[in-house]
Every structure is written in structure tokens, then in C-alpha cells.
Amino acid sequence: MTEISGLDTLIKHVRVVRPNQSSVELLDLGIKDGKFTQISPEISPEQAKEVIDGQHWLGFPGCVDAHMHIGIYQPLEQDAVEESKAAAMGGVTTSLNYMRTGQYYLNKGGPYRSFFPEVLARSEGNFFVDYGYHLAPISPHHIDEMSWLLDQGVTSFKIFMFYGGYGLHGLSDQQSLFLMINKEDRYDFAHFEFIMRGLTRLRQAHPEVQDSLSLSLHCEVAEILNAYTKLVQQDTSLSGLKAYSAARPPHSEGLAICIASYLAHETDCVNINLLHLSSQKALAAALMMQSTFPHINFRREVTVGHLLLDVDAPAGKWAKVNPPIRSRQDVEFLWNAVLAGQVDWVVSDHACCSAEKKASLKDPENIWLAKSGFGGTEYLLSGVFSEGSKRGLPYHRMAELLSWNPAQRYGLFCKGDIAVGYDADLVLLNPDETFVVQADESPSQQGYTPFEGVELTGRVKQTFLRGQLIYDRGQVMGTPQGKYLKRPLALS
């Protein structure tokens, strides 16, 4: 390859891991204007203004954490700063965040034309990593705004299926109050159908970007959750994470997946993402729906939390999340699906909930009173690398699960690979370093982690965002340089 003079940065001696390529090569990486511009076994240091020794560490493409929540439990601008620091620690260079109107987040209803500009204004200058947003059409008029949102760079939308009769933390008979919608409006299966029809119309109106337009679903059925929560709370033999899992049983996920898939078929809504599949029943239902409706372009997502934790984890209430942490049998089933290529990407579902807000002050060990959600983006790459390596997951498959696949699905065609022309997003990982997770080592403001005490092998040493070092061996570097990603983004 012809040498390019005037490189901004040269990173030498990197064992490069690429998606879709099984070999790991020792290469030098030349970066200019935030892009990889030269990649070869030997690049002269004289070519670059700055030279960094990669120390023969593994080099992964920057992780695309395609499922995060920013600003759900504390102000967005504050959350963006601290939790994107945690992302950088985890090798994440792109954060895609779910956002909606209603209680939590900005605690506002109304149209996205007024809501989303505020989201962007509060985000600007506060992210240490590049960022984008998935948005949820909560009210009927939001469906009419999907075309406008596409103009703002939003190509992915979300449905929270259990919100039909369930709030973020429990039974909700005040749907309009929780979601801040008109009393005559309903957030139900019919609304989900109309969202799908709206997205189909959007794809037809914009064939040039139709492959980047998709709909994501949190699949649980409210009626099942309400009924089983009542039963489980009366059963004194169950407590903690086991009780919470039983109260939101796996078949609720499976049923919701089947309903959503049939609606996708009925509406010709062909790009469907099934989020945070937590159980054998959920994943089996997702695979059955793929077989039943082969024309639907399904993607299946799993979180690092559901791959590392089970109901016997000592974390207890700190690991409360929706859908719940499941049995060890479910965990191993998910891993087998990952190994079989039946999972498309792995995410953190990071939602920082501080210790003060997570547990009830009156009854701190009560799983029912604890808030749902926890952070984990800082352990995304290490968690998948550590447990995946034990099970024989090839490095290039890790790169596909953590970078390439979500980037391709969500219209980030300049992200997810270490190749000429791509954004110079890079993670250097020491595959031989073992460490024990400790919350006080994380820059997150959460103050705890459900992964406390878990031993992982494979530690992130340095993270580069568009060629700039943003994390270096325990320290977040510089000031926030993350950019809003107006999707779809083409490869230059």
C-alpha cells in the first residue's frame, strides 16, 4: 500500500482483530483526520506527528454499544458526562441511547419537534464518545413525526410492549399519567401496529435509506407480568432475583415476541430488532418467528448482564433489571446461541441508577421496591472477551457482535471495522490481564455494580475515538469530544 505522509497518529505493533476475518495480524495503524488512512505491517515513525506503541495488545474496533439509556435517573447532561466516561473505559466509542417522552428522562410529553431539540442541546459537548438516539413513538402524533425525525438523523425506533398496563417498575393503571399522553390515547397492541405501518410508509418513501430504518422491541406482556407478580408476592418461598424472574416469567417474553412478529408480518415492517433476549424461551420464540416469517429481517440482541449474571448472583437487588436476570440454564442457553451465530449483537443496556435511588430507604433489601436497571457499559468488551474466550468464541466474532453488526444495522457505515476510510475508533486490550470488578474503579456515578467481585480476563488498556486517546489505563483523557451521529452515516 502506498505510504501517506503527514499522519496525525501512528499506532504501532497492534494485533488487529477485524470482523469477517478470522486471522489476527500484527500491523501498524496510520491515522489522519480521524480516519484510518494507512494499515500495513511496517509504517515508518517519521510519517507521523505522534507515535504510540500498541505493545502487541489486541486491537478491536471501537465497540458500538447499541443499547444504552442516558438521563433516565438523573439529568441528561450530567449523565452523559459520567456514563460516557464509563463507556470509554469499556472500549465503547459509540453510544446509541433509547429515549422517549413521559416520566423519567426529561419528564415531558408533547411532540418530538420540541422534545428532541432539547435532547440534542443537553447532549452537545457532554459525551466522551460519539452518540446517537433511538426514539419511541409514545403517542399517535409521534408516528406522524417519524419522517421529521429521520431528517434529524434518527433511523431507529422503539416499542416498550409492557407499558400497555405496566410502568417502569410495576402495575400502572394510570397509563396516560406515566406516559404523559392524552387520556383518550392508548399505548397498546393497536398503537404498536400503527407504529409499524408508519415505519413501513417511511421506508417506502425513502428507499435510499430503507435498510437503515428499523424498529426495536422490548418484548414482555403486561397482563402476564401483573398476574404473576401478584402470585409471586404471595409466595414466601421466593425472594430476591429468583422472585423477580418468576414475576416476569420467560414465557411473557416469548408471547410478546410472537405477537410483535405477527404484527410485523401483517404490516410488512421488515426490519425488526428483538431486544435484550434474556431466556431460553425468549430466544427460542425469536428463532421460531424467524422460521415462520423468513421475509422479516430479524436481529436478536443479548446483554452482557444476562451473559454474566444469574439469579444466584450475590448482587441481589443491585442486579434488578427488565427483563430480569435469569437462571444459570438460561445463561448457558444464551451463550450457546451466541456460539451458534443466533445472536446478532451484545450490548450493555446501561442505565445508571445510583445506589441512593436503586434501593428503598425504608426496606433496602426488598426486591419489589428497588428500581430497575443498572450500568455495565464499562465491562462490555471485557465481559464478552472473558466469558467468550472460555467457550471458544473467536475474536473476529466478538468484533462482529460488539461493533460491526450493530453499526451496519443502525446506519453507522463508517464505524465497526479497522480498515482504511473508517473512523479511527480503536480499543487496545491486554488478553492476558485478569482483574476483579470493583465499582470504585469505574467513573460511573452509580456507586455500585452488580458485577462486583466477578473475575474477568482481558482488560481494556486504551480507547481511541476518531484517533484521539480518550481512555488510558484507568484514566479518562481530555474533555468530551463525542459527536452526535446523524444517521445514516456513509463510509468516506
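R328 is partly exposed in this predicted model, with a relative accessible area of 34%. Its side chain meets that of D310 in a salt bridge, with 2.9 Å from N to O. The pair links distant parts of the chain, 18 residues apart: D310 sits in the loop between helix 11 (304-308) and helix 12 (328-339), while R328 belongs to helix 12. On the other side of this bridge, D310 is buried, with a relative accessible area of 12%. The value for D310 falls under the 20% limit for burial, whereas the 34% of R328 lies between that limit and the 50% above which a residue counts as exposed.

A search of the whole structure returns 29 salt bridges. Another of interest joins the side chains of R466 and D130, at 2.8 Å from N to O. R466 lies in the loop between strand 16 (455-465) and strand 17 (468-472), and D130 in strand 8 (residues 130-135), so this pair ties together parts that are 336 residues apart in sequence. Both partners are removed from the surface by the accessibility criterion: R466 is buried at a relative accessible area of 17%, and D130 is buried at 1%. These two residues also take part in a network of salt bridges, in which K35, D130, K415, D423, D425 and R466 are linked.

A salt bridge within a single helix offers a useful companion case. The side chains of E387 and K390 meet at 2.9 Å, N to O. Both residues belong to helix 14 (residues 380-390), and because they are 3 residues apart they are separated by about one helical turn. An α-helix has 3.6 residues a turn, so residues three or four places apart point the same way. The surroundings of the two partners can be told apart by accessibility: E387 counts as buried at 13%, while K390 is exposed, with a relative accessible area of 59%.

Attention now turns to helix packing. Helix 7 (residues 222-233) and helix 9 (residues 250-267) pack at an angle of about 170 degrees, and their axes are 9 Å apart. That angle makes helix 7 roughly antiparallel to helix 9, since angles over 145 degrees count as such. The crossing of helix 7 with helix 9 is right-handed. At the contact, I224, L225 and Y228 of helix 7 meet H251, S252 and L255 of helix 9. Sorted by class, the residues of this contact comprise 4 nonpolar, 2 polar and no charged ones.

Helix 8 (residues 240-247) has its own set of buried residues, namely L241, A243, Y244, S245 and A247. Helix 7 and helix 9 are included in what covers these buried residues of helix 8.

Helix 9 also leads on to C269, which is found in the loop between helix 9 and strand 11 (271-274). C269 counts as buried, at 1% relative accessibility. Once its neighbours within four places in sequence are set aside, C269 is in contact with M196, L199, T200, L215, A264 and I296. The C-alpha atoms of C269 and I195 are separated by 9.4 Å, although these residues are 74 residues apart along the chain.

Note on methods. Residues numbered from 1 in each chain as written. Predicted model: local features only at pLDDT ≥ 70, side-chain atom pairs only at ≥ 80, totals over all residues. Heavy atoms only, no water. Salt bridge = Lys/Arg side-chain N within 4 Å of Asp/Glu carboxyl O. Helix = DSSP H or I, 4+ residues; strand = E, 2+ residues; numbered from the N terminus. Buried < 20%, exposed > 50% of the residue type's maximum accessible area, 1.4 Å probe, protein only. Axes fitted to C-alpha atoms, helices over the stretch in contact; angles between N-to-C directions. Parallel < 35°, antiparallel > 145°, perpendicular 65-115°, else oblique. Left-handed = near helix turned anticlockwise from the far one by under 90°. Contact = heavy atoms within 4.5 Å. Nonpolar A, V, L, I, M, F, W, Y, C, P; charged D, E, K, R; others polar.
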